[in-house]
Amino acid sequence: MTRIAKDFSGQTVICTFEVTPGSAHDVLDALSDAYDQVIRHQPGYISGAMHLNDAQTRIATYSQWQDRRDYQAMLRSAEMRERNRAIHAMCRHFEPVMYEVIDTWKV
């Protein structure tokens, strides 16, 4: 389960995908398959989540890794390079960004 906490010492990656309502579910299917078949099995993977906005024009994925090198190694794998080319072809724009958790607030 994804746990967002200030004391998290690993790597957080948020990817945003700009899509059209007509391609949103194709991209979601491709991302779901990538997470199910490849990403979640990679060394250092902790957890992930996927989000779709109401207009079906933006997808965001949130993943946590033990170390940024684990995420980078996954991206460099032949399987993910091929999958990312196919996913990118369905998107207007695709941007993965590495983040550090600075703070969280709870009720």
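Student: Is R83 buried or exposed in this model?
Tutor: Keep in mind that we're looking at a predicted model. R83 has a relative accessibility of 19%, and the cut-off for buried is under 20%. So R83 counts as buried.

Student: Which residue forms a salt bridge with R83, with the closest N and O atoms 2.8 Å apart?
Tutor: Look in helix α3 (residues 78–89), where the partner and R83 sit four residues apart, so about one helical turn separates them. This partner counts as partly exposed, at 40% relative accessibility. The residue is E79.

Student: Which residue do salt bridges join with E79 and R83 into one network?
Tutor: The link comes from salt bridges that share partners. Besides E79 and R83, the network includes D33.

Student: Which residue meets D67 in a salt bridge?
Tutor: D67 itself is partly exposed, with a relative accessible area of 25%. Its partner is exposed, at 59%. The two side chains meet at 2.9 Å, N to O, and the partner is R69.

Student: Now the strands: how many residues of strand β3 are buried?
Tutor: Strand β3 covers residues 58–65 and has eight residues. It runs antiparallel to β1, with eight bridges between them, and antiparallel to β2, with seven bridges. Strand β3 is mostly covered, and its buried residues number six.

Student: Which residue in β3 is the bridge partner of H51?
Tutor: Start from T16, which stands opposite A60 in β3. H51 has its bridge partner in β3 too, and that partner is A60.

Notes
Residues are numbered from 1 along each chain as its sequence is written. This is a predicted model: local features need pLDDT of at least 70, side-chain atom pairs count only at pLDDT 80 or more; totals for chains, interfaces and linings use all residues. Side-chain values use heavy atoms; hydrogens and water are left out. Buried means under 20% relative accessible area, exposed over 50%, partly exposed in between (1.4 Å probe, protein chains only). Helices (H or I, at least four residues) and strands (E, at least two) are DSSP runs, numbered from the N terminus. Two strands pair if DSSP finds at least two bridges between them. A salt bridge is a side-chain nitrogen of Lys or Arg within 4 Å of a carboxyl oxygen of Asp or Glu.
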